[in-house]
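Visitor: I'm new to this one and would like to learn how to read it. Could you walk me through it, feature by feature?

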Amino acid sequence: MRDFTLQSYEALLDALLAAGYRFETFGDRCAERPLTLKDRCTEGQKIIILRHDVDKKPENSLATARLEAKKGIRASYYFRVVPESNDAEVIREIVRLGHEIGYHYEDMSICHGDVVKAKAHFDQWLAYFRTFYPVRTICMHGAPTSKWDGRKLWETYDYKKEGIIGEPYYDVDFSQTFYLTDTGRCWDGYKVSVRDKIPQYQDQWTAQGLVYHHTWDVIRAIQEGRFPQQVMMTTHPQRWTDKPVAWVKEMIMQTLKNTIKRIYVAKNTK
């Protein structure tokens, strides 16, 4: 069976449900109490914070949102402001299905590093997304082709003053929470990722054997009880489709992107 299809995504969800994992939105987890396993999880409790970054092809996100809703799963969907992500009808439908909506911000890149303009841009678009949903969490868009890291905005400003209770790269205790993302159209894409990674803990996770490439590797670990109890799992729904032509196109384009990112990472780690 091909990977990165809706079929393989459904198999992943089913494996997690069968293993007793509880799915939570990022907003609900932040609102309940601080994100630390030690303080908030009862012994043996399994939690998946399911996050989706809608970089493009919002119709794919609607497909995963519908699939999750049928299984009683709520997830967090983060939309960019660019036209290839920001589809009002899709956003409304995903909210109707019971999911969380958040802002996938890249204001520093859009405003070319001008912090004041970037903050004004952030405020404008946060207000826009709040017309669909009471947005209380945000998430940086990695923007690998940009020299501007969106998180630099918070060296000058405080997003919590805007009613935001969570940003994954600041408000998750990754010493207790395993991070797994399909960046690079694989589950070990941290090797070529520019920003969507947790470098301070990746060596530790690798030493523990928490490295997966295919979705089937993840499923097998879940079924065999080798998967961590607390996980933030991030997908980019643009990658997940049952349509053969779209699937092949995404595979080819991502292979090219990975090659470029690999060169960039190598150049900047010398």
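Guide: Happy to. Let's begin with a term: a salt bridge is a side-chain nitrogen of Lys or Arg within 4 Å of a carboxyl oxygen of Asp or Glu. Keep in mind that this is a predicted model.

Visitor: How many salt bridges does the structure hold?

Guide: There are 20 salt bridges in the structure. Let's look at a few. Glu89 pairs with Arg92, and their closest N and O atoms are 2.7 Å apart.

Visitor: How many residues apart are Glu89 and Arg92 in helix α5?

Guide: They are 3 residues apart in α5, which spans residues 88-96, so about one helical turn separates them. For exposure, you need the cut-offs: buried means under 20% relative accessible area, exposed means over 50%, and partly exposed is in between. Glu89 counts as exposed because its relative accessibility is 54%. Arg92 has a relative accessible area of 43%, so Arg92 is partly exposed.

Visitor: Which parts of the chain does the pair of Lys71 and Asp14 link?

Guide: That pair links distant parts of the chain. Lys71 sits in the loop between α4 (58-70) and β3 (76-79), while Asp14 belongs to helix α1 (residues 6-18), and the two are 57 residues apart. In space, their closest N and O atoms are 2.8 Å apart. Lys71 is at 24% relative accessibility, so it counts as partly exposed. Asp14 is also partly exposed, with a relative accessible area of 34%.

Visitor: Now Arg239 and Asp182: are they buried or exposed?

Guide: Both are buried. Their side chains meet in a salt bridge at 3.7 Å, N to O. Here too the pair links distant parts of the chain: Arg239 lies in the loop between β7 and α11 (244-268), and Asp182 in the loop between β6 and α9, 57 residues apart. There is also a network to trace, where salt bridges that share partners join Lys57, Asp182, Arg239 and Glu250.

Visitor: You mentioned β7. How many of the residues of strand β7 are buried?

Guide: For a strand, check the residues on each side in turn. In β7 (residues 230-235), 6 of the 6 residues are buried, so the strand is largely enclosed by the rest of the structure. Gln230, Met232 and Thr234 are on one side, Val231, Met233 and Thr235 on the other, and both faces are covered.

Visitor: Which strand do 6 bridges join to β7?

Guide: That's β2 (residues 47-54), and the two run parallel. Leu50 stands opposite Met233 in β7. Strand β6 also runs parallel to β7, joined by 4 bridges. There, Leu180 stands opposite Met233.

Visitor: And empty space? How many cavities of 30 Å³ or more does a search of the whole structure find?

Guide: Think of a cavity as a place where a probe fits but cannot get out. The search finds 1 cavity of 30 Å³ or more, and about 110 Å³ of space lies in the largest cavity. It is lined by 15 residues, and the closest to its centre are Tyr179, Leu180, Trp187, Tyr190 and Gln202. So Leu180, which stands opposite Met233 in β7, shows up again here.

Visitor: Which element gives the most to that lining?

Guide: Strand β6 does, with 4 residues. Both β6 (178-181) and α9 (199-207) supply at least two residues of the lining. By class, the lining has 10 nonpolar, 3 polar and 2 charged residues.

Terms used. Residues are numbered from 1 along each chain as its sequence is written. This is a predicted model: local features need pLDDT of at least 70, side-chain atom pairs count only at pLDDT 80 or more; totals for chains, interfaces and linings use all residues. Side-chain values use heavy atoms; hydrogens and water are left out. On a 1 Å grid over the protein atoms alone, a cavity is a set of points where a 1.4 Å probe fits but cannot get out, and a pocket is an open set with protein on both sides within 12 Å along at least five of seven lines; lining residues have an atom within 4 Å of a point. Grid points are joined across faces, edges and corners, and a volume is the space filled by probe spheres set on the points. Ala, Val, Leu, Ile, Met, Phe, Trp, Tyr, Cys and Pro count as nonpolar, Asp, Glu, Lys and Arg as charged, and the others, Gly among them, as polar. Buried means under 20% relative accessible area, exposed over 50%, partly exposed in between (1.4 Å probe, protein chains only). Two strands pair if DSSP finds at least two bridges between them.
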